[in-house]
Structures are given as structure tokens and as C-alpha cells.
Amino acid sequence: MTTPATHPTTIEAVVDRPAHGGESIALLDGRVILVRGAIPGERVRITLDDADAKLWRGVATEILEPSPHRIEPACEAAAAGAGCCDLGFVDPAFAVELKKDVLLDGLRRIGRFDTSELPEPTMTALPPATGWRTRIRLGVDDAGRAGLRMRKSRDLVTGVACAQNVDGLMDGLGEEGAAPAGGELHAVRDADGKRHALHVIGKGRKRRVTQVEGDPVAVERAGGREFRVPVDGFWQAHRAAADHYVRRIGELLPATPGGRAWDLYGGVGVFAAALADIVGPDGKVTSVETFADAASVGREALTDLPVEFRTSRVEAAVGKLGHKVDLVVLDPPRTGAGDQTIRAIAAAHPSRVVHIGCDPATFARDARTWADNGYRIDSLEVVDAFPGTHHLETIAVLVPSK
């Protein structure tokens, strides 16, 4: 189709490939269009957000030739405009393929890797594809109604269900007076099926906390161990994720009796427990986490294991942990680990590293830093731990290049 001389508001194009962030890329007379709501291979009619913009973005308002991987979306909240299930129209079995393509594209463009030299990623779509989220953070309006944020907005969608949530997670929370006005509401359905809801407003000394329902801590389990995690603390969102990661660490790292291991960005110590099993009672695991409350949970849960907890920023602590380590697991936030941290880990010469990345762009950047510091990617796994969304996790094993 030829682009008219005046900029159109609606165009027709064939979608070429997935892009990071839940959009897809369509090409029209050499021009790139970022499209929401489309699957590669589809011919779609696109309504542009701003026809005068240098980079065209838009939404697929009519599917002219649908993909065989398109399904009927199940999320009422997303249909009402919430920014939750942005890939809810894609068959979960195919969505993980798209996420693999996004990861490899990032490694090529950002990490500057020749993808033919990388290991072929394996793919894991964690079941279930709906009803998987056990923890959620909601906004609260002036009437005390809790809800999800609209896409790219602070406005709320209340009174409708999200397909991600386990049964009962948000029941009644969208009603008037369900929580104090303003701020945020943290809701958890724990491992025993009990719901907890904690309202938080303000920061620092002005931070006020109200227990709306249940207890301040929630019982969570992974790797056969129990952790009492604060309702507003971090735990894997997908109910199957923590056990999957623990199992994979046990499979990917060799038994190293008496060895030394680091668990970086360690949270409550779920991965530290897995590492302790690998190094045995004569080994030592050091877990580093920024938040003191998380370390307190870990100390309580792992009293029988050779695990030391340190409360510190990882980039500040890692250079002081010692000059030699055998095994490292790191699970940085979406911003990635960064050059300083990776250089310090590499300087301690671990024989094997498991790097869990939750953003393909920052993981690709970190992977380049690993390569520049003498480590190569030995295996890659794409984990769809956020079904129905564009988010993905990467589990990479890194080993010395020589």
C-alpha cells in the first residue's frame, strides 16, 4: 500500500515481528510502525496515535487476516483499559515463542552478539496461563476503591476482574470504602489460601500503614521450605515460579561440597537455600539484599543452613565478599546488574553463574558485560512467568570463556 502525501490516521499493513514492550513491528513502504494488539504475520488495520509523529505508533483496530495463534481475550480489566494483560489475545503456547524472538533480538541489537553463536534458547511456559498471580499492588481512589492502573495512566479501573489473579485475590476490593482513600493496597493470597491486604500511603516518615485484612506477613513456600514474607515484600508473582527457579538452580549448578556461593539480590533467601543444598554443610552461602526486612525473613527460615545474610546494595557489597567464589546466582531488578557488579563478580572467578534477568533489554546489556569480562553464555532459557503479558524471564548460565 502506498502512503498518501498527507499523513493518514488509519493505515493497513502486515505485521512483521514482535518488539519489546508488547508491541509488534509492521513495515509500510520502508517505514516502521509499532502496533499494539497484533501478532506477527497478521494483516491489520491500524489507527495511529499521532499521524504527525516521527515514529508511528498505533493500535490494531481491525484484524483483516488473523493469525492462527489469536485467541479470545479473557481479561475483563484489560478490556476496560487496564494495562495488565497486554498479550491476552495470543495463545500462551505461542506467546513464549514471541518472547524468545524478543530476547534474541535484544541480544543481537543491544548485546551485539551474533545470535548464531549463542545457544538455542529453551522455552518454558509456566502453567497455569490464567489465575496465576498471588500478589498484586493496586491503586486506591478517593472513595476507597482499589483497582488496576489504566494503560500508561494513573487513573484506575475498578470493579472488574483481571485474568492473571488467583481466585478471590481482588474480590470486594473495588467496592467503595474497601480501603483508606489514596495510596496503594497490597493484596496477597498466600500458600495456605488466606488473603491479606495492606494499605500504604506516603513515604519515609510520612508513611502510614493500615492492615485492611489478614496479617502483616503471608506464608509462602518454595523448595520445601516456608517463608513468612511481608505483604508488601517481594515474592515471585506466578504461583509456580519460585519452585521452578529453585529446581532449575539445582539442575544447572553442579554439586560443590564445601564450596563458596553468592546469592545476589537474594530477597528472603529462596535461592540461598538452593545454593546451600549444593555446597553442603561444609560450604558457605552469602546472600546480599538491599532490604533488611527480607534478610530477617531469610534468617528465620534458614537457621539450619550455612547461609550468611548481608543487608547492602549489591554493587557496594560484592567487591568485599572475597577474592574467590565457586558459584553465583544473581536475580537483579529490571534495571539489571550493571557493569560494576558484573566486573566484581567476574574478578572473583566463579566457575559457573546463573543470571536471572527479568527484562530482555537490560539482560542483553548485562550479557555483553559478561562477555567483555571473560564469560560466555552456556545455556539460555526463556520462562513465561507472566502469561498474558509481554514480560518474560531469562535464565542464563555463564561460564569462563577459556
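A word before the views: in these legends, Ala, Val, Leu, Ile, Met, Phe, Trp, Tyr, Cys and Pro count as nonpolar, Asp, Glu, Lys and Arg as charged, and the others, Gly among them, as polar. The model shown is predicted.

**View 1. The largest cavity and its lining.** Let us start with the enclosed spaces: searching the whole structure turns up 2 cavities of 30 Å³ or more. The largest cavity has a volume of about 120 Å³. Its lining is made up of 14 residues, and Pro18, Ala19, Gly22, Leu87 and Val102 are the closest to the centre. Sorted by class, the lining of this largest cavity holds 7 nonpolar, 5 polar and 2 charged residues. Helix α2 contributes the most here, giving 3 residues to the lining.

**View 2. Helix α2 meets helix α8.** Here you can follow α2, residues 92–109, where it packs with α8, residues 360–372. Their axes lie 8 Å apart, at an angle of about 40°. The two helices are therefore oblique to each other, and their crossing is right-handed. On the α2 side, the contact is made by Val102, Leu103, Gly106 and Leu107, while α8 brings Pro360, Phe363, Ala364 and Ala367. Of these contact residues, 7 are nonpolar, 1 is polar and none is charged. Look out for Val102 in particular: besides touching α8 in this view, Val102 is among the residues closest to the centre of the largest cavity.

**View 3. The second largest cavity.** This cavity holds about 30 Å³ of space. Around it you will find Pro332, Pro333, Gly336, His355, Gly357, Cys358, Asp359, Thr362, Phe363 and Asp366. Two elements, strand β19 (352–357) and helix α8, each give two or more residues to this lining, with α8 giving the most, at 3 residues. The lining comprises 4 nonpolar, 4 polar and 2 charged residues. Phe363 may look familiar: Phe363 lines this cavity and also takes part in the contact of α8 with α2.

**View 4. The second largest pocket.** Our last stop is a pocket, with a volume of about 290 Å³. Which residues are the closest to its centre? They are Ala161, Cys162, Asn165, Met170 and Asp171, out of 20 residues that line the second largest pocket. The lining divides by class into 9 nonpolar, 7 polar and 4 charged residues.

Definitions and conventions
Residues are numbered from 1 along each chain as its sequence is written. This is a predicted model: local features need pLDDT of at least 70, side-chain atom pairs count only at pLDDT 80 or more; totals for chains, interfaces and linings use all residues. Side-chain values use heavy atoms; hydrogens and water are left out. On a 1 Å grid over the protein atoms alone, a cavity is a set of points where a 1.4 Å probe fits but cannot get out, and a pocket is an open set with protein on both sides within 12 Å along at least five of seven lines; lining residues have an atom within 4 Å of a point. Grid points are joined across faces, edges and corners, and a volume is the space filled by probe spheres set on the points. Axes are lines fitted to C-alpha atoms, for helices over the stretch in contact, and angles run from 0 to 180 degrees between N-to-C directions. Helices (H or I, at least four residues) and strands (E, at least two) are DSSP runs, numbered from the N terminus. Angles under 35 degrees count as roughly parallel, over 145 as roughly antiparallel, 65 to 115 as roughly perpendicular and the rest as oblique. A crossing is left-handed if the near helix is turned anticlockwise from the far one by less than a right angle, and right-handed if clockwise. Contact means heavy atoms within 4.5 Å.
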